[in-house]
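Colleague: I have a few questions about the side chains in this one before I head back to the bench. Could you walk me through them?

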Amino acid sequence: MGSRTGGGNYRNPCLTMHQPWASLLVHGIKRVEGRSWPAPIRGRLWIHAASKIPDPDIIKAMEDFYREIYAVNGVTDIKFPENYPVSRLLGCVEVVGCLKCEELSSWEELPEGVKLEGQTEYCWLCEQPQRLVVPFEMRGFQGVYNLEKKICEAAVRGLRPVEAPLPVKFPLPDPQDPFSLKPGSLSCSSSVSKLEQSVGLCNAIAGAQAAASQFAKKCREQSSAESGSAEENCLPISSGTRSRTKAIGQESRFSRR
């Protein structure tokens, strides 16, 4: 259903993600995709859900995380996906840039909630989510790979725009250069966010990190038992993010919003 490529020759690029992160991205709730490596593409990126069925506890932790970070910007009515299908092509997003976590968190023009989505070393910035009315069953691969032409052509016909809770535009430093929003393109401010972290927000961030760490551990155990798995098997959480959240809990005084 697709072809792997290591040289960056992407025609219909696709990324396999685990649930619930895959559906949250396609539904426009998740606006930043975290990776341990920089985005190799700009433009349309198809999103495929891996075969692992998500634990209800992990779904709850991630939904709680997004409820809290959207509440920071006054958004309280979030329509989460009714289900989180696996082994399916779900839809697509437009990748408009990629930044380091510290660059995203210090970008003053962005809503505070978006900055809080930066939970890994590299942050892929996504806009214009679209979902498939009928998700396609298919197999995924590691990394970014090309969809077969016939799959892509059929999928395009089934796309529908998504009404995201709080769409965000990530302005390019150079509108003429689609790759201008990249690591090192923004100056990092050393100032600490003025956002007063609530107890609920701090707990939601910690819960999301714990869920991702638990998921990664289970995947590593499964990988060791079933070597040769074709799909990417972890969602990394950087040590820097853990340190920042620990510091929030130790140094900040919280008030319920």
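Modeller: Sure. Keep in mind that this is a predicted model. Let's start with a cysteine: Cys126 counts as buried, at 7% relative accessibility.

Colleague: And which cysteine has the sulfur closest to that of Cys126?

Modeller: A disulfide needs two cysteine sulfur atoms within 2.5 Å. For Cys126 the closest cysteine sulfur is 9.7 Å away, so that is too far for a bond. The residue holding that closest sulfur is Cys98.

Colleague: Then what about Cys123, and how far away is its nearest cysteine sulfur?

Modeller: Cys123 counts as buried, with a relative accessibility of 0%. It is in no disulfide either. Its nearest cysteine sulfur belongs to Cys101, and the distance is 4.9 Å.

Colleague: How many disulfides turn up in the whole structure?

Modeller: A disulfide is a covalent bond between the sulfur atoms of two cysteines. The search covers the whole structure, and the number of disulfides found is zero.

Colleague: On to the aromatics. How many aromatic pairs are there?

Modeller: To pair, ring centres must lie within 6.5 Å. By that rule the count is four.

Colleague: Trp37 and Trp124 form one of those pairs; how far apart in sequence are the parts it ties together?

Modeller: The two rings sit 5.0 Å centre to centre with 80° between the planes, and the pair is edge-to-face. Trp37 is in the loop between strand 3 (32–35) and strand 4 (43–49), while Trp124 is in strand 6, so the parts tied together are separated in sequence by 87 residues.

Colleague: Is Trp124 buried or exposed?

Modeller: Buried means under 20% relative accessible area. Its partner Trp37 has 24% and is partly exposed. Trp124 has a relative accessibility of 0%, so it counts as buried.

Colleague: What kind of aromatic pair do Phe65 and Tyr66 form?

Modeller: Both residues are buried, Phe65 with a relative accessible area of 3% and Tyr66 with 2%. Their ring centres are 4.9 Å apart and the planes make an angle of 80°. Planes over 60 degrees apart get a particular label, so this pair is edge-to-face.

Colleague: Last one: which side chain makes a polar contact with the side chain of Gln119?

Modeller: Gln119 is in the loop between helix 4 (112–115) and strand 6 (122–137), and it is buried, with a relative accessible area of 13%. A polar atom of its side chain lies 2.7 Å from the backbone oxygen of Leu116. The side-chain partner, at 3.2 Å, is Gln209.

Key. Residues are numbered from 1 along each chain as its sequence is written. This is a predicted model: local features need pLDDT of at least 70, side-chain atom pairs count only at pLDDT 80 or more; totals for chains, interfaces and linings use all residues. Side-chain values use heavy atoms; hydrogens and water are left out. Helices (H or I, at least four residues) and strands (E, at least two) are DSSP runs, numbered from the N terminus. Buried means under 20% relative accessible area, exposed over 50%, partly exposed in between (1.4 Å probe, protein chains only). A polar contact is a pair of N or O atoms within 3.5 Å; within protein, one must be able to donate a hydrogen and the other to accept it, and residues adjacent in sequence count only if both atoms are side-chain atoms. Rings of Phe, Tyr and Trp (its six-membered ring) pair if their centres lie within 6.5 Å; planes under 30 degrees apart count as stacked, over 60 as edge-to-face and the rest as tilted.
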